[in-house]
Amino acid sequence: MEIMEKYTYNDEIYYYNNGKWLTSSYTTVPSGILSELNKLLCNDNFDELSFANKLKIADNAKQSENIGMALKYYETLTLDASKEQMKFLLPRLTSCYRKQNRPQKAIGTALAYFKKYGKGIASSPVYVSLAAAFCDIDDWETAKIYADRANKCCNSKNMDELMAVYARIEKQID
């Protein structure tokens, strides 16, 4: 049996479970109130939470398609992030920039953090995100370089995304 967290907003009952908001009748909530509901998760103690809990809140906002809020939290987390934490944050951050149609920001951010922390923060997910960002700006050769890097260290988690990037590249290069 799954435990859902119960919240009240504007005298209505909502449930939060595994990154999804549901109405009191267990249907998906309208996208117009997602931002307000996600704020209920944070309360006033966001700064006091552990990195893992802050990341969970940011991930839940992203999963709920509240990209602006997710980005705000990811950016806040980068301010004090260790090298190891940046390895988890960077793909999420670049993905959010891309979802906001800001591929240049995704690329610039990733390259800046590579410069600051070294290639040790690079991972297959961030390489896939970079490859996709380069596809977004029609730089197919650079996209292929990053897709190949992702492929070298790939795991099954992002294989579908990597194959989608390769398909975009092949469509343009052929």
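Trainee: How many disulfides does the structure hold, and what makes a pair of cysteines count as one?

Mentor: In this predicted model the structure holds zero disulfides, and a pair would count only if the two cysteine sulfur atoms lay within 2.5 Å.

Trainee: Why is cysteine 96 called buried or exposed?

Mentor: Buried means under 20% relative accessible area, and cysteine 96 has 0% relative accessibility, so cysteine 96 counts as buried.

Trainee: Which class does cysteine 153 fall into, and why?

Mentor: The class between buried, under 20%, and exposed, over 50%, is called partly exposed; cysteine 153 has 38% relative accessibility and therefore counts as partly exposed.

Trainee: What makes leucine 40 buried, exposed or partly exposed?

Mentor: Leucine 40, which is found in helix H1 (residues 34-42), has a relative accessible area of 22%. Since buried requires a value under 20% and exposed a value over 50%, leucine 40 is called partly exposed.

Trainee: Which residues does leucine 40 contact, leaving aside its neighbours within four places in sequence?

Mentor: With those neighbours left aside, leucine 40 is in contact with Tyr7, Thr8 and Tyr9, where contact requires heavy atoms within 4.5 Å. For tyrosine 7, which lies 33 residues from leucine 40 along the chain, the separation of the two C-alpha atoms is 7.6 Å.

Trainee: How do you know whether H4 and H5 are roughly parallel or roughly antiparallel?

Mentor: The axes of helix H4 (residues 83-99) and helix H5 (residues 103-117) cross at roughly 165 degrees and come within 8 Å. Angles over 145 degrees count as roughly antiparallel, and H4 and H5 are therefore described as roughly antiparallel to each other. Their crossing is left-handed.

Trainee: Which residues meet where H4 packs on H5, and what is their make-up by class?

Mentor: Among them are Met86, Leu90, Leu93 and Tyr97 in H4, and Ala106, Ala110, Tyr113 and Phe114 in H5. By class, this contact has ten nonpolar, two polar and three charged residues.

Trainee: Why is the pair H6 and H7 called roughly antiparallel?

Mentor: Helix H6 (residues 124-136) and helix H7 (residues 140-152) pack at an angle of about 165 degrees, with their axes 8 Å apart. Set against the cut-off of over 145 degrees, that angle makes H6 roughly antiparallel to H7. H6 passes H7 in a left-handed crossing, and the meeting residues include Tyr127, Leu130 and Phe134 in H6, with Trp140, Tyr146 and Arg149 in H7. By class, the contact of H6 with H7 has eleven nonpolar, two polar and one charged residues.

Definitions and conventions:
Residues are numbered from 1 along each chain as its sequence is written. This is a predicted model: local features need pLDDT of at least 70, side-chain atom pairs count only at pLDDT 80 or more; totals for chains, interfaces and linings use all residues. Side-chain values use heavy atoms; hydrogens and water are left out. Axes are lines fitted to C-alpha atoms, for helices over the stretch in contact, and angles run from 0 to 180 degrees between N-to-C directions. Helices (H or I, at least four residues) and strands (E, at least two) are DSSP runs, numbered from the N terminus. Angles under 35 degrees count as roughly parallel, over 145 as roughly antiparallel, 65 to 115 as roughly perpendicular and the rest as oblique. A crossing is left-handed if the near helix is turned anticlockwise from the far one by less than a right angle, and right-handed if clockwise. Ala, Val, Leu, Ile, Met, Phe, Trp, Tyr, Cys and Pro count as nonpolar, Asp, Glu, Lys and Arg as charged, and the others, Gly among them, as polar. Buried means under 20% relative accessible area, exposed over 50%, partly exposed in between (1.4 Å probe, protein chains only).
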